[in-house]
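Trainee: I would like to go through this model before planning any bench work. Can we take it question by question?

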Amino acid sequence: MTSPPATANESTVYYKKQAKYNDKRNILNKAYLVEPIVRHRIHDSIFYKQHLYLTNESTILPVITQNVQYIAGVDSIGRPSPFLQCLLRLLELEPAKEIINVYLDQLSYNEFKYLTALTLLYIRLVYPSEDIYNIFDKHAQDYRKLRFKLKTPQFNAVQQPIYYKLGYMDEFIDDLLTQERVVDLILPRLIPRLSLVERGLVAPRQYFIDDEIQKDMSRGQDNVVSGDSDTSYQSDSD
């Protein structure tokens, strides 16, 4: 026998379906990590057609070092910055890991800081979580200054417009690890570091401020010891 149909008076339980998260890092075309509207505007821009359209892994380097002078996404009217356009071209090229390591290390010179920042953002978009933590830990003590272009200008006390602000490389790295959106891009989700530490894939986070405090304390102790030795030497001479 079939059960009678449920009436309107009977209490029914409704289960809300949870939204499924699709990790876009697994897609074949990494350029789709950039939102469609921004991607189409980049392809229609003069800078992309003139400098980036036919570049490869080697010819894109002079374009980045000569034209990328600040970090920004899109401005108030939707125009993409050279930083964002070079990032899209890197996503289209998908360089090998050996080439990415050359971009980061720069043959141990580390001369081009915006190339380093651009490569770190590329790694944040494409690489798995454990690789991101391990690579970012190596650059956590990079304190070089960076220029960030504001989406809308701010005005100082004398009503002069300010278009840029100063930041640091370690702050930019921290934003890549903690923020959901950087330079108008939605970042893929990261696996919590604690779970990766428990698996043995990532080392615990190091806070370098403790090392600086210990260095300052050791320097102070050395100064005290040297000062005591000087006073004892003077007393003996007298």
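The questions below cover confidence, one helix and one residue.

Mentor: This is a predicted model, in which local features need pLDDT of at least 70, side-chain atom pairs count only at pLDDT 80 or more, and totals for chains, interfaces and linings use all residues. Residues are numbered from 1 along each chain as its sequence is written, and side-chain values use heavy atoms, with hydrogens and water left out.

Trainee: In which helix of the protein chain is confidence lowest?

Mentor: pLDDT is the predictor's confidence in each residue, from 0 to 100. The chain has a mean of 85, and 79% of its residues reach 70 or more. Confidence is highest in α4, at 97, and lowest, at a mean of 58, in helix α10 (residues 208-237).

Trainee: Which residues of helix α1 are buried?

Mentor: Helices are DSSP runs (H or I, at least four residues), numbered from the N terminus. Buried means under 20% relative accessible area and exposed over 50%, with partly exposed in between (1.4 Å probe, protein chains only). The buried residues of α1 (residues 36-44) are V38, R39 and I42.

Trainee: Why do they line one face of the helix?

Mentor: The arc is taken from the directions from the helix axis to the C-beta atoms. The buried residues of α1 line one face because, seen down the axis, they fall within an arc of 100 degrees.

Trainee: Which residues is T119 in contact with, leaving aside its neighbours within four places in sequence?

Mentor: T119 is found in helix α6 (residues 113-126). T119 counts as buried because its relative accessibility is 0%. Contact means heavy atoms within 4.5 Å. With those neighbours left aside, the contacts of T119 are I100, Y103 and L104.

Technical notes: Helix = DSSP H or I, 4+ residues; strand = E, 2+ residues; numbered from the N terminus.
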